[in-house]
Amino acid sequence: MSAPAPVPLKSDFLATLQARGYIHQCSDYAGLDEKAMERAVRAYVGYDCTAPSLHVGSLVSIMMLHWLQQTGGKPIVLMGGGTTRVGDPSGRDESRKLLTDEQIEANKAGIKRVFAKFLTFGEGERDALMVDNADWLLELNYIAFLRDVGRHFSVNRMLSFDSVKLRLEREHELSFLEFNYMLLQAYDYTELARRYGVNLQMGGSDQWGNIVNGIDLGRRMGTHQLYALTCPLMTTASGVKMGKTASGAVWLDEAMLSPYDYWQFWRNTEDADVARFLKLFTTLPLDEIARLAALEGAEINEAKKVLATEATALLHGRAAAEEAAETARRTFEEGALAQTLPTVEIPAAALADGLGVLVAFGPEHAGLVSSMGEGRRQVKGGGLRVNDEPVVDPTAKLTSADLRDGVVKLSFGRKRHVLLKPV
């Protein structure tokens with residue numbers, strides 16, 4: 001169903017996405033391009049409420065909504081208050097853990113906060129809108145849904161989609177609950193078309209089959225013409241999936257990941273990814289990105305700092321981004337103990353009694369290593385330091401004698417630091 005992209009795309013929206021590397025597939029480039037030239041695109045992306053925050057893996061689709069609004073379209077954020085109760089099987093070998101209604105609502109509240117950083121919400125024609133599919137899914141009559149929606153789906157065709165086929169080929173169980181997810185997602189598209197005039201669904205390339213299902217259902221149920229547009233699933237140049245690091249997910253909520261650590265994530269970008277990430281995750285003009293991309297050797301680090309600062313400014317604000325950049329400069333270039341490093345408070349009694357160094361680095365405190373075993377491996381490799389001195393004894397304890405200016409500085413490698421502050 002995906003058509004080849006005409007060159008060049010004429011609308012500001014699709015031309016921008018194409019130039020910056022967002023487009024993977026589109027159901028009808030010419031038709032969507034025409035709608036975009038008329039500034040008549042109303043597009044949505046759906047986000048299930050499976051965690052208290054989105055992580056950086058969701059940023060590409062968020063930025064697609066951002067550029068849609070900047071080029072005259074109306075972005076719609078669909079919260080999956082209903083579909084989270086089922087669970088999307090795409091890209092997974094096991095069922096998602098079922099959450100309680102209270103957990104879903106709490107996660108939804110946390111996720112909502114992210115979007116205000118990238119979109120302008122309001123009552124205007126081009127203002128962003130946030131809706132929840134629980135509004136229509138939780139009220140469905142099962143028999144009526146089977147009759148009105150289920151009859152349009154072929155089980156043979158559903159079994160051919162990657163989200164189902166790959167799970168079955170690997171002989172992993174797929175529950176009937178999850179099998180229904182693609183029906184619900186397709187129905188979402190139809191409801192959004194009817195209620196809000198939506199005519200485009202965007203998402204990752206792994207959602208192509210589900211989105212096309214929605215287009216087909218809309219046609220069968222009499223909606224206006226619907227379109228699909230997907231972005232590539234993001235991996236680094238070395239093949240690592242975007243969104244997670246060795247120490248955990250790169251969250252978009254500052255309560256779960258500090259602006260400094262977020263800045264450091266982008267600063268640590270591989271050389272081969274700098275130009276691509278500048279296009280995708282900042283709003284810098286393309287000519288400025290081309291200039292930065294041309295830097296070579298040690299100078300590429302300057303481009304990485306620009307990437308880190310611009311990406312952090314989009315999410316956390318310009319002041320927080322510049323503070324993170326200055327903290328990094330003082331820490332690495334001057335060797336100073338920057339008090340704006342991420343700080344974890346610990347009971348003063350812990351140092352008085354002696355706090356095991358690996359416990360301090362572990363998930364209960366600094367979170368720089370995920371387990372005692374990892375901590376011991378890092379000690380052997382010289383990867384852990386206390387107050388810039390290598391840890392050589394994994395059984396050592398931190399005491400009040402280790403305080404410097406009221407804190408203990410823990411470091412994992414050269415770029416990850418946490419201050420322990422007794423209270």
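A salt bridge here is a side-chain nitrogen of Lys or Arg within 4 Å of a carboxyl oxygen of Asp or Glu. E310 and R318 fit that description, with their closest N and O atoms 2.9 Å apart. Please keep in mind as you read that this is a predicted model. The count of salt bridges comes to 15, and the fold includes an open sheet of six strands. Below is a friendly tour, topic by topic.

**The sheet**

- The six strands of the open sheet follow the order 1-6-5-2-3-4, and their pairing is mixed.
- Strand 1 (25-26) and strand 4 (129-132) form the edges, each pairing on one side only.
- Five bridges join strand 5 (residues 200-204) to strand 6 (residues 227-231), and the two pair in the parallel sense.
- If you look for G204, you will find C231 of strand 6 standing opposite.

**Helices against the sheet**

- Helix 3 (residues 59-70) lies across strand 2 (42-48), strand 3 (74-80), strand 5 and strand 6.
- The angle between helix 3 and strand 2 is about 155°.
- Helix 4 (residues 101-115) also packs on the sheet, where strand 2, strand 3 and strand 4 are touched.
- The direction of helix 4 makes about 165° with that of strand 3.

**K108 and its surroundings**

- K108 belongs to helix 4, and its relative accessible area of 10% is under the 20% cut-off, so K108 counts as buried.
- Leaving aside residues up to four places away in sequence, K108 touches C49, M79 and D132.
- P52 is 56 residues from K108 in sequence, yet the C-alpha atoms of the two are 7.0 Å apart in space.
- With D132, K108 forms a salt bridge whose closest N and O atoms are 2.4 Å apart.
- Because D132 lies in strand 4 and K108 in helix 4, this pair ties together parts that are 24 residues apart in sequence.
- Both partners, D132 and K108, are buried.
- E105 joins them too: E105, K108 and D132 are linked in a network of salt bridges.

**Two further salt bridges**

- E191 and R194 form a salt bridge, with 3.7 Å between the closest N and O atoms.
- Both residues sit in helix 10 (residues 181-196), three residues apart, which is about one turn of the helix.
- E191 counts as buried at 8% relative accessibility, whereas R194 is partly exposed at 46%.
- The E310 and R318 pair from the opening also joins a buried residue to a partly exposed one: E310 has 17% relative accessibility, while R318 has 39%.

**A nonpolar patch on the surface**

- Y142, I143, L146 and F176 make a nonpolar surface patch of about 450 Å².
- Helix 6 (residues 142-148) gives the most to this patch, with three residues.
- Y142 is found in helix 6, and its 48% relative accessibility makes it partly exposed.

**A backbone detail to check**

- Most residues other than glycine have a negative phi.
- R39 is not a glycine, but its phi is positive, at about 55°.
- R39 is located in the loop between helix 2 (29-37) and strand 2.
- With 43% relative accessibility, R39 counts as partly exposed.

Terms used
Residues are numbered from 1 along each chain as its sequence is written. This is a predicted model: local features need pLDDT of at least 70, side-chain atom pairs count only at pLDDT 80 or more; totals for chains, interfaces and linings use all residues. Side-chain values use heavy atoms; hydrogens and water are left out. Two strands pair if DSSP finds at least two bridges between them. Helices (H or I, at least four residues) and strands (E, at least two) are DSSP runs, numbered from the N terminus. Contact means heavy atoms within 4.5 Å. Axes are lines fitted to C-alpha atoms, for helices over the stretch in contact, and angles run from 0 to 180 degrees between N-to-C directions. Patches are made of residues with over 30% relative accessible area and no salt bridge: like charges are joined within 9 Å, nonpolar side chains (Val, Leu, Ile, Met, Phe, Trp, Tyr) within 5 Å. Accessible areas come from the Shrake-Rupley method with a 1.4 Å probe; for residues, only the protein chains shown count as cover. Buried means under 20% relative accessible area, exposed over 50%, partly exposed in between (1.4 Å probe, protein chains only).
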